[in-house]
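Student: I would like to walk through this model with you, one question at a time. Could you help me reason from the atoms to the answers?

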Amino acid sequence: MSKIKFLSLGKQPITNNFLIEQNPINEFFYDLNIVYDENTNVVSLENFVPPERMFNETYAHRASMSITMRESNKLLSENITKRFNPKSVLEIGSNDGIFLKNFPNIKRVGVEPCKNLADITNGVNIETYDNFWDLGLSKKINKIHGKFDLVYSANTISHIHDLNDALQSVNLILNDDGVFILEDPSLLEVIKNTSYDQFYDEHAYVFSVLGLNNLLEKTELEIFDIEKLTTHGGSNRVFIKKVRSNKKISDNVSKIINEELNMGMNKFETYQKFAQNVINSKNETIKIFTELRNNNAKIIGYGATYKSSTILNYCGLDTKFIDYFTDTTENKQGKFTPGTHIPILKPADGIDSKINYVFLGAWNFKKEIFNKEKKFIERGGKFISHVPFPQII
Ligand code: TYD
């Protein structure tokens, strides 16, 4: 067998299943195990969760809620226009239109299986298909709209179980000299930072460039450039073209592949070592929370992220440790965290004066949060983060 298990993160709920009742009767849990494929270097969940359980009309994540994300999408759109000047753009996983709204003057089409989100973009004249991305949909869009100069997909391709189908579907819809830009969390960064919270139901895969490169070998597509991003705690923006297109292949590609090889990402032992770091991180996190709670510290969580669901459930951090979470996403507010049943509140203007410690569920927005919560920091409030190692900041 080429796929070998290296990490077990225990029983986990659906990360997007923010609960209406604190103690529901039939909450769904599954075993979150992570495997490494020796043939392709691809890291994935051992058992995929059925997509309909995760991506439906109750999907909570709204990309436009963060200033950082709005600004970075605007800047990216400007850079893409300067570099490739596309006349048409298709986005796979268009969420609430945070990216596509920056292209008002060219043909733009969205694909977003969560109907509540697709309704938002359809409502502002961005034609959006509320379907899962696959060959059938690609053929249908091709028939209606023709091919596209740019296909963009951020934090979505890693969610798709049948990657071969997803990539063939992109190949079909992409113009011969078109560009496919894919952004997903970087496995290299996950390993460097022990940020095991990137593993959850939706992230069927966490990509290395090595793995992606191997998957692309079966297609007519190839990587021609890569940018490292800070998004989601470290992602890769991978630029892909058709093999027959004569765009130059940047040195960045071999540079990053070599970095991954130097890190040993083509060897199973590296993943075993990572798994040990995860166990150490868990023990240290539990120790920090237990000591603080024994000293009657008031602890809340900041940002009820999908990522944090993995940590909370893996480390057993429930209402015994965390009083409540605050989150700016309206449809998480008034609900409870999946599996650990911690109340989620709308953030007040500034952190409550009784709170001493704030666990960074949204550690990937640390800078934005520290800027926003200067008063808390000035009065001696501390943050807890498990990245790159469990610590009080
Ligand atoms: P996100 O970064 O998308 O992480 P994930 O993909 O793991 O869910 O989510 C960030 C969450 O944090 C989102 O629900 C909004 C919330 N948030 C706050 O509540 N306050 C803030 O200041 C920021 C930046 C985010």
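Student: Which residues of H9 are buried?
Tutor: Happy to help, and keep in mind that this is a predicted model. A residue counts as buried when its relative accessible area is under 20%. In H9, the residues that meet this cut-off are Phe 268, Thr 270, Tyr 271, Phe 274, Ala 275, Val 278, Ser 281, Thr 285, Ile 288, Phe 289, Leu 292 and Arg 293.

Student: How far apart are the end C-alpha atoms of helix H9, and what span should its residues give?
Tutor: Helix H9 covers residues 268-294, which is 27 residues. At 1.5 Å a residue, the expected span is 39 Å. The model agrees with that, since the end C-alpha atoms are 40 Å apart.

Student: Which residue just after H9 takes a positive phi?
Tutor: Most residues other than glycine have a negative phi, so a positive value deserves a look. Just after H9, a positive phi of about 60° belongs to Asn 296.

Student: Where does Asn 85 lie, and is it buried or partly exposed?
Tutor: Asn 85 is not a glycine, yet it has a positive phi of about 45°. The residue sits in the loop between H2 and strand S4 (88-92). Its relative accessible area is 46%, so Asn 85 is partly exposed.

Student: What is the relative accessible area of His 232?
Tutor: His 232 also has a positive phi, about 50°, although it is not a glycine. Its place is the loop between strand S10 (221-229) and strand S11 (235-242). His 232 is classed as partly exposed, because its relative accessible area is 21%.

Student: Which backbone oxygen lies 2.9 Å from a polar atom of the side chain of Asn 73?
Tutor: Asn 73 belongs to helix H2 (residues 67-84). With a relative accessible area of 7%, Asn 73 is buried. Leaving aside neighbours within four places in sequence, Asn 73 is in contact with Ile 98, Phe 99, Asn 102 and Tyr 152. The backbone oxygen at 2.9 Å from its side chain is that of Met 69.

Student: With which residues is Leu 216 in contact, leaving aside its neighbours within four places in sequence?
Tutor: Leu 216 is in helix H7 (residues 209-216). Its relative accessible area is 1%, so Leu 216 is buried. Beyond those sequence neighbours, the contacts of Leu 216 are Leu 167, Leu 221, Ile 223 and Ile 240.

Student: How much of the ligand does the protein bury?
Tutor: Let's begin with the polar atoms. An oxygen atom of the ligand is 2.8 Å from an N or O atom in the side chain of Asp 327, and for the side chain of Lys 372 such a distance is 2.5 Å. Taken alone the ligand exposes 560 Å², and the share of this that the protein buries is 95%.

Student: Which element gives the largest share of the shell around the ligand?
Tutor: The shell holds 19 residues, divided into six nonpolar, eight polar and five charged. Helix H10 (306-315) and helix H11 (366-372) are the elements that give two or more residues. The largest share, three residues, comes from H11.

Student: Which residues does a cis peptide bond join?
Tutor: Most peptide bonds are trans, so a cis one is easy to pick out. Here omega is about 0°, and Pro 388 is in the loop between strand S16 (382-385) and strand S17 (391-392). The cis bond joins Val 387 and Pro 388.

Key
Residues numbered from 1 in each chain as written. Predicted model: local features only at pLDDT ≥ 70, side-chain atom pairs only at ≥ 80, totals over all residues. Heavy atoms only, no water. Helix = DSSP H or I, 4+ residues; strand = E, 2+ residues; numbered from the N terminus. Buried < 20%, exposed > 50% of the residue type's maximum accessible area, 1.4 Å probe, protein only. Polar contact = N/O pair within 3.5 Å; in protein donor to acceptor, adjacent residues only side chain to side chain. Contact = heavy atoms within 4.5 Å. Expected span 1.5 Å × (residues − 1). Near = heavy atom within 4 Å. Areas by Shrake-Rupley, 256 points an atom, 1.4 Å probe, with all protein chains shown as cover. Nonpolar A, V, L, I, M, F, W, Y, C, P; charged D, E, K, R; others polar.
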